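Me: Let us go through this protein by question and answer. Keep the replies short, and end each on what was asked for.

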Amino acid sequence: MSRLTELIEETARRHPQRVAVEGPQGQLRYGELLESVREGAERLRAADTRTVAVTGDRGPLLVTAVLATVFSGARLLLVDPELPARRRESMVAEAGAGHVLTVGEGLRLERCGSGDGRGGPGGRGGYVFFTSGTTARPKAVLGRTDSLAHFVCWQRDRFGIGPGDRVAQLTALSFDVVLRDLFTPLVSGATLVVPPAGVAVDVGGVPRWLREAGVTVAHTVPSLASRWTSGEPEPVGPAGGGAVPAGGGARDRLRLTFLAGEPLSRAVVLRWREWFPNTRVVNLYGPTETTLAKFWREVTEPVPGVQPVGSPLPETEVRLVDGEVWLRTPHGTDGYLNAPEEQAARFVADERGGPPWYRTGDLGEWTADEELLLRGRRDLQVKINGNRVEPEGVAAVLREHPGVEDAVVVARRRADGADCLAAFHTVAGAAADPAGAPATGPGEEELRHWLGERLPAAQVPSLFVRLDRLPLLPNGKVDRGALPETDTARVGAGPEDETQRRVLDAFAEVLPAGHLDADFFALGGTSLDAAELAHRLLTGTGRRVEMSELYRLRTPRAVAERVRGRAPDRQAPIPTRPRSEQPTTTGLSPQQRRYRRVYAPRINRTWANMVALFPLPEDTSAGEVREALEATVRRQDALCAYFSEDAGGRLTQHFVTDPSVAVREVDLRRLPEEEQRRELERMRVAEANSLIDLDSWPLFRACVVRHGRRGSTLLWNVHHMVADGFSQGVLSRELTARLEGAPPPESPISYRDYIAWREREDEEELAASRRYWREVFRLPYERPLLPGLPGVEEPERGAAFQFPVPEALVERVAEFSRAQGVTAFAVYFAAYMRTVHQLFERDDLVVGTPAAGRTRAEFQNLVGNFISLVGVRHRRGEAGDFASLVRLLQERTVAAMEHQDYQYDQVMADVGAPRDDDRFPLTTVFVSLVDTPAAQAEGLRVAAHRDLGCAVKFDLMGYLRRSGEWWALDLHTRRGLLDPERLEWVRKVFLDELHGGLAE
């Protein structure tokens, strides 16, 4: 006698008069059931059968047939009569059943011609169930009754199931979970309750029956639970009796709901609890091959998306091998019947001996609470735009939408051979519409936006298909093979209308987007790219799209949909005046005022110099440069400016009306080539250390350096009050165009127009930004300062240390960025933030970063000071893990950029930060993203210390330099603050934080 039969006999002896099975056909008490089972077992033993196929209508008689087979020592095969005839025949033949025991008016035992019932390892006893077959041909699994006994005893004892409980028998007969429906109550003294036929046809039918039948324990599959509860929940009475609310409603006695067989989403849990607010929900996980469930977790507060499956049952071991879940238990099965190759591939011997490991094919990871979270199946995993995607996880998030009843996501092949995702969904409440009219539900754009705010773009399906019902297998799981075909012709195709074309053109001007479904982050987009893309979209479509929206929308297709429904941008044009009517004196622009108060509040310093080396066309002479530069200065009136200061320190800006530019020329061609390079560098450093006086024009100096055989370089130096880093590129492009005889880029306004326009800026808009920054600095902030090093000559002199990010780490950052939906800059910024927390030994830090300030199309070809500084504040411990920190910093950086018009000096005044001629006020640590020309990419691959040759004001500036696939961090500091050894320490910490963060 097996352990399972002993348990049932013991229960029957203790509770002979209790109802064991109740169904539409009547009741059987435990004493009656045991007597009938013994009679049936004797009949089966007399037939000398080894494997019995049991089939027929569910009810007390079917339970008797199942138990009789187990008590006889024969192997049990349960066959659902609702399966197609060919499928039933195949199961009987595959299992080698010698007899079929059919339940009808009575029990009919017939010999079948498919086999002698003696095949398969293990001889007599046990059971055969088939895997669900959702991803491959179903395989027969040989189960053991002693393993089944281990599980039902655990479930009985762990959840206190016993006399007085009423356990629903809802599971289809050919699904192995039916065994816990049947045997858990029968080893517990509970009553097994069988529903009437057809109860599951109507929405709400099963929940109503559960209440009416007083069921206390139920098992089911999430897909079925979702379908059964798709309508509005009905009013219920209290679990312990009492008055029933007006309108009727049975008592809710359901205290335990076990869900298994599929990933369990939060939406299913919440919907089930709307119907059964008193129930405990338990998530179970375990393949057929390891005997029912091997993991469990009670879901108290469901987390977004898929719920963890929790912790293993007693005597269950687990490994994650390359992300795949491996299970090992002495309470498993004997493996596959008639599948030796699959047996060898899936069951792996343990080096210690004993039970083998079973390779589940499920992908998993450990949560922070050391619970197992499943991430889908290896055989369902698909690559979308280079990103590995688990469709089941996408479907779980889609089910969270209040208008979606159920959903499944699968891969479909596009016309170009690449994969895309298709989402099939049903609408909540559709089947319950009393008028029979189609239920309104969320459209494709709404669902795409919903997922886009919660998932990386690679995980947002390209196709959305609404169905009346999802096709299900007999076991209640979704039948992916029965989903309708989809039209993938439009996925990955070109633009379908003018809006999509303009959006795609704007993307292509900034990033290499070749099609409508290209992902901003997969293309390597950064905050600089987002700012430029927002400008291009405004220019190309006439509609404004904020940077933060681009991070959420991510693809040209999604952006086009958003733009299509948006009113044109109503920004008034910036007023202009002809040059002859421009004032010769003005005040300062907000950026100039900020620069004066932050960088040089009382005295002019050389760190205001912006030195650059511009390559010129071959054989360019100083005279040609003078002529081109003079024409440029006449058009770029910021270069016509100089300043005067009154007794109170107030600056007035003056503009010369007839500029005559002087250009020096130095010929180095007499020197050897290496000396030419050294001399050019010496000239650059000397220029950087030579003050440019603010009170006399010009605020720039130009020198043409002749070198090599025919080369020419412009050594250019301009005061930061009248230009910024972006302006250097504007000047270089305009000079090159003029020297090559091409027309310069057009500009609809002048810098003086800009100053006048900013003097009339919208106070309402600035008020919103002021509120934002006041909230950032609501708590007091102390400026961080690095301590000075003793005995250092010229302590203000700048020192730099640039080092590359290793290629392997760059690739991991790119993968992480695509998967998390963040920019690579945000990832590096997070590692930098963790590093500077350690360097400055501060828990609360503001890291500054520059904002280009070119927020309108009119500014793009202007020389001038447009740049703003913004601060990103972070307190250690705000973000739990590295991914959370990356997202937090990205959100705060974007928000800061969107409030950049409220200048740094205004923030200083609001928080009471004093001005400082020597060190940066408010904060002294910064980070900046810099695009490096491809011709200089080789310089990013080598680590090197260097002398900047000029003074710097900040304590630490981290320039994140990128060129194609290459990234480097260039650290600038004062040599009186950080020596080479300490800078090497910063490199180690930064790379360690980056490597460790990506591994979290």
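**Strands, sheet and cores**

Reply: Start at one bridge: A641 has F655 as its bridge partner in β29. The model is predicted.

Me: How many bridges pair β28 with β29, and in which sense?
Reply: E645 is bridged to L651 in β29. A641 is bridged to F655 in β29. β28 and β29, residues 651-655, pair over 5 bridges, and the sense is antiparallel.

Me: Which residue in the hairpin of β28 and β29 takes a positive phi?
Reply: The hairpin has 5 residues between its strands. The phi in question is near 85 degrees. The residue is G649.

Me: What is the strand order in the open sheet of 3 strands?
Reply: β26 is joined to β29 by 2 bridges, antiparallel. One of the bridges into β29 pairs T586 with Q653. β28 also pairs with β29. The order is β26-β29-β28.

Me: Why is one side of β26 and of β28 left without a neighbour in the sheet?
Reply: The sheet is open, with the order β26-β29-β28. β26 (585-586) and β28 (641-645) stand at its edges, so one side of each is left without a neighbour in the sheet. The reason is that each has a single partner strand.

Me: How many residues of β29 are buried?
Reply: Buried here means under 20% relative accessible area. By that cut-off β29 is mostly covered. The count is 4 of its 5 residues.

Me: Is strand β1 largely enclosed or open?
Reply: β1 covers residues 19-23. Of its 5 residues, 5 are buried, so the rest of the structure leaves β1 largely enclosed.

Me: Which strand runs parallel to β1?
Reply: β2, residues 26-29, is joined to β1 by 4 bridges, but runs antiparallel. These two form a hairpin with 2 residues between them, and G23 has G26 as its bridge partner in β2. On the parallel side, E22 is bridged to V193. The parallel strand, joined by 2 bridges, is β10 (residues 191-193).

Me: Which helix gives the largest share of the largest nonpolar core?
Reply: This core has 144 residues. L629, W716, Y828, Y832, F990 and L994 touch the most other members. The largest share is 13 residues, and it comes from helix α24 (residues 824-840).

Me: Which residues does L629 touch, not counting those up to four places away in sequence?
Reply: L629 is among the core residues that touch the most other members. Touching means heavy atoms within 4.5 Å. The list is V661, V663, F700, A702, W716, L731 and L735.

Me: How many residues are in the other core, the one with A20?
Reply: This core lies apart from the core of L629. Among its members are A20, C153, I161 and L179. Its count is 60 residues.

Me: What share of the contacts between residues at least 6 apart joins residues at least 24 apart?
Reply: The protein has 27 helices and 39 strands. Buried residues are 57% of its 1000 residues. Among contacts between residues at least 6 apart in sequence, the share joining residues at least 24 apart is 71%.

Me: How far apart are the mean positions of the positive and negative charges?
Reply: The C-alpha trace spans about 115 × 65 × 55 Å along its principal axes. There are 127 positive and 141 negative charges. Their mean positions are apart by 1 Å.

Me: How much of the exposed area do carbon and sulfur atoms supply?
Reply: The protein exposes about 41,200 Å². Carbon and sulfur atoms supply 48%.

Note on methods: Residues numbered from 1 in each chain as written. Predicted model: local features only at pLDDT ≥ 70, side-chain atom pairs only at ≥ 80, totals over all residues. Heavy atoms only, no water. Pairing = 2+ DSSP bridges. Buried < 20%, exposed > 50% of the residue type's maximum accessible area, 1.4 Å probe, protein only. Areas by Shrake-Rupley, 256 points an atom, 1.4 Å probe, with all protein chains shown as cover. Lys, Arg positive; Asp, Glu negative; His and termini not counted. Charge placed at Lys NZ, Arg CZ, Asp CG, Glu CD. Core = buried A, V, L, I, M, F, W, Y, C linked by side-chain atoms within 4.5 Å.
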